[in-house]
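Open the structure in your viewer and keep the selection tool handy. We will walk through it one stop at a time.

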Amino acid sequence: MDTISKKFYLTAIFGGLAGMCLLTIVGGIFGELAQIAEQSTLLDFTPYVIGAGITVLLIFSIFIYQLVVHFTLLHSMWQSIPPEHKRTTPGKAVGLSFIPVFHIYWRFKALWGWAKDYNTYIAKNNIDAPKMSEKMALILCICASSPLIYGLISRFFVSDTAILGILSYVLMIPLSVAAIFMIIFMLEGIDGANAIITAISQVKAKDTCTKKCTVKRISKALYLTSIIGGTFASIIIIGVGFYLAMPMVESFPMATAYGKYTTIIDALPFIFIVIIGTALIIYAVTLMYVLLYKIWQAIQFEGSRTTPTRAVGLLFVPFFAYYWVFQAFWGWAKDCNAYIAKHKLSIPKMSEGLSLAFSLTYLSVGILGLAFQFIGSFEIIKNIVLILILAGLLALFVLSIIFASEAINRVNAIAEAKESTTA
C-alpha cells in the first residue's frame with residue numbers, strides 16, 4: 001500500500017474551506033445587490049439572484065467534495081492497519097456511517113475505534129510513531145452528536161423560540177470543536193497511517209535514521225517579512241479604505257438617500273479594499289501558524305508534550321485556546337530547551353520568559369475582548385478597555401515577531417548541529 005499524500009489532503013481540506021468562505025462572501029454581496037435592485041426601478045434584480053443561486057450550488061458542491069475527501073481518507077486510514085489488528089474493515093467503517101441514526105453510534109467505532117486500534121498496533125509492533133489522542137477522538141464524536149441533542153430538546157422539551165435561539169448559538173461551540181478536532185484527527189491520522197505503512201514496507205534502517213535525524217531549516221526572511229509586511233500592509237490598506245469611505249458614511253452600508261439607493265457603486269471599491277486588507281492579515285496570521293507547526297515539527301522526541309498538528313489546531317477551539325496558548329508557545333520553549341539538553345547541543349537556550357509573556361498577553365487580550373462585549377453603556381470604561389485591547393494587540397504583535405525570530409534561530413541551529421553530526 002502506498003503512503004497517503006498529506007499535501008493532497010491538506011490542499012483539499014483547507015482549499016475547500018477557503019473556497020466556501022470566499023463563496024459565502026460573494027453570495028452575500030449578490031444577495032445585497034438583489035435586495036437593492038428589487039427596491040429600485042432602474043435595476044433588474046434577476047442577474048443578482050442567479051449569481052446568488054450559483055454561489056449556493058458551488059458551496060454545496062464543495063461541501064460534498066469535502067465529505068468524499070473525508071471518507072476516502074477514513075477508508076485509507078483503516079486500510080493501513082492489518083486485518084487481524086482492527087475491529088472493522090475499511091468498507092464497513094465508511095459504509096455504515098451513512099445509515100441514519102445508527103451513524104451516531106458508528107462514528108465512535110469508526111473514529112474513536114481507529115485511534116484505539118492504531119495505538120494498540122504501534123505499541124505491539126514497537127513502531128516509532130506518536131500516539132493518537134483517544135480522548136480527543138472521543139470528544140470529537142460527542143461534539144459531533146450535539147445536533148441530535150438540540151433536535152431532541154427542540155422537539156420534546158422546549159418550544160420557546162427565544163430559548164431555542166440561545167441554544168442554537170450555544171450549539172455552535174461543540175460544532176466548532178468537532179470541526180477543529182476532525183481536521184486535527186485527519187492530519188494526525190495521515191501521519192499515523194503512513195508510519196504503519198512505512199514500517200510494514202520495511203524501509204531500510206539507514207533511510208529511516210536519515211529521515212529522523214534531518215531537521216529542515218526555516219527561512220527567516222520569508223516568515224518575518226510575510227508576518228510583518230502582511231500586518232502593516234493590511235492596516236494601511238484598510239485605513240485607506242475607511243478614509244475613502246468617509247464622504248459616504250451617511251449612506252453606507254447601502255442606506256437610503258433621498259428615498260432610493262444611490263451609493264452601491266461607490267461602496268464596491270471600499271468593499272474590495274477591505275477584502276484585500278483582510279486577506280493580507282489572514283495571510284500573515286496563517287504564516288505564523290505554519291511557523292508554529294514547523295518549529296514543533298523540528299523538536300519532536302519521545303518527551304514532546306504535543307504534536308505539530310495539535311499545537312496549531314487546538315488554538316482554534318473557543319475558550320480552550322486561552323489555556324492551550326501556554327502549551328503551544330511556552331510549552332514549545334520548554335520542550336526546545338529539553339531537546340537541546342537531551343541531544344547535548346551547543347545552542348543557546350530559548351527564553352521561556354519571552355514565551356510566557358506572549359502567552360499571558362494573548363490571554364489578557366482575550367479576557368479584555370470578552371469583557372468589552374458585556375460592559376454595556378459605560379462609554380468611559382469601554383474606551384479604556386478598547387485602549388487596553390489595542391495596546392495588548394500591539395504588544396502581542398511585537399512579542400510574536402521576537403518569538404518567531406528566536407524560534408527560527410533555534411531550529412536552524414538545531415538543523416546545523418544535526419547536519420554536522422550526520423556528515
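Begin by selecting I64, which you will find in helix α2, residues 46–80. Bear in mind throughout that this is a predicted model. I64 has a relative accessible area of 37%, so it counts as partly exposed. Now add F60, F63, L67 and V68 to the selection: together with I64 they make a nonpolar surface patch of about 450 Å².

**Helix pairs**

Stay with α2 and bring in helix α4, residues 102–124; the two axes come within 11 Å and cross at roughly 30 degrees. Angles under 35 degrees count as roughly parallel, and α2 and α4 are therefore roughly parallel to each other. The crossing in which α2 passes α4 is left-handed.

Next, show helix α5 (residues 134–144) with helix α7 (residues 161–200). Their axes come within 8 Å and cross at roughly 140 degrees, so α5 and α7 are oblique to each other. Here, too, the crossing is left-handed, as α5 passes α7.

**Salt bridges**

The structure holds five salt bridges, and we will visit some of them. Keep α7 on screen and pick E188, then R310: this pair forms a salt bridge whose closest N and O atoms are 2.8 Å apart. R310 lies in helix α11 (residues 308–313) and E188 in α7, so the bridge ties together parts that are 122 residues apart in sequence. Are these two residues buried or exposed? Both R310 and E188 are buried.

Now select R305 and D335, whose side chains meet in a salt bridge at 3.1 Å, N to O. R305 sits in the loop between α10 (264–298) and α11, while D335 belongs to helix α12 (residues 321–342), so this pair links parts 30 residues apart in sequence. With a relative accessible area of 37%, R305 is partly exposed, whereas D335 is buried at 4%.

For a bridge inside one helix, go to α14, residues 379–422, where R410 and E406 are four residues apart and separated by about one helical turn. The closest N and O atoms of their salt bridge are 3.0 Å apart. R410 is buried, with a relative accessible area of 10%, and E406 is partly exposed at 26%.

**Last stop**

Finish at I236 in helix α9, residues 220–245. I236 is exposed, with a relative accessible area of 55%. Select G277 as well: the C-alpha atoms of I236 and G277 are separated by 8.0 Å, although the residues are 41 apart along the chain.

Notes
Residues numbered from 1 in each chain as written. Predicted model: local features only at pLDDT ≥ 70, side-chain atom pairs only at ≥ 80, totals over all residues. Heavy atoms only, no water. Patch = residues over 30% accessible without salt bridge, like charges linked within 9 Å, V, L, I, M, F, W, Y side chains within 5 Å. Areas by Shrake-Rupley, 256 points an atom, 1.4 Å probe, with all protein chains shown as cover. Salt bridge = Lys/Arg side-chain N within 4 Å of Asp/Glu carboxyl O. Helix = DSSP H or I, 4+ residues; strand = E, 2+ residues; numbered from the N terminus. Buried < 20%, exposed > 50% of the residue type's maximum accessible area, 1.4 Å probe, protein only. Axes fitted to C-alpha atoms, helices over the stretch in contact; angles between N-to-C directions. Parallel < 35°, antiparallel > 145°, perpendicular 65-115°, else oblique. Left-handed = near helix turned anticlockwise from the far one by under 90°.
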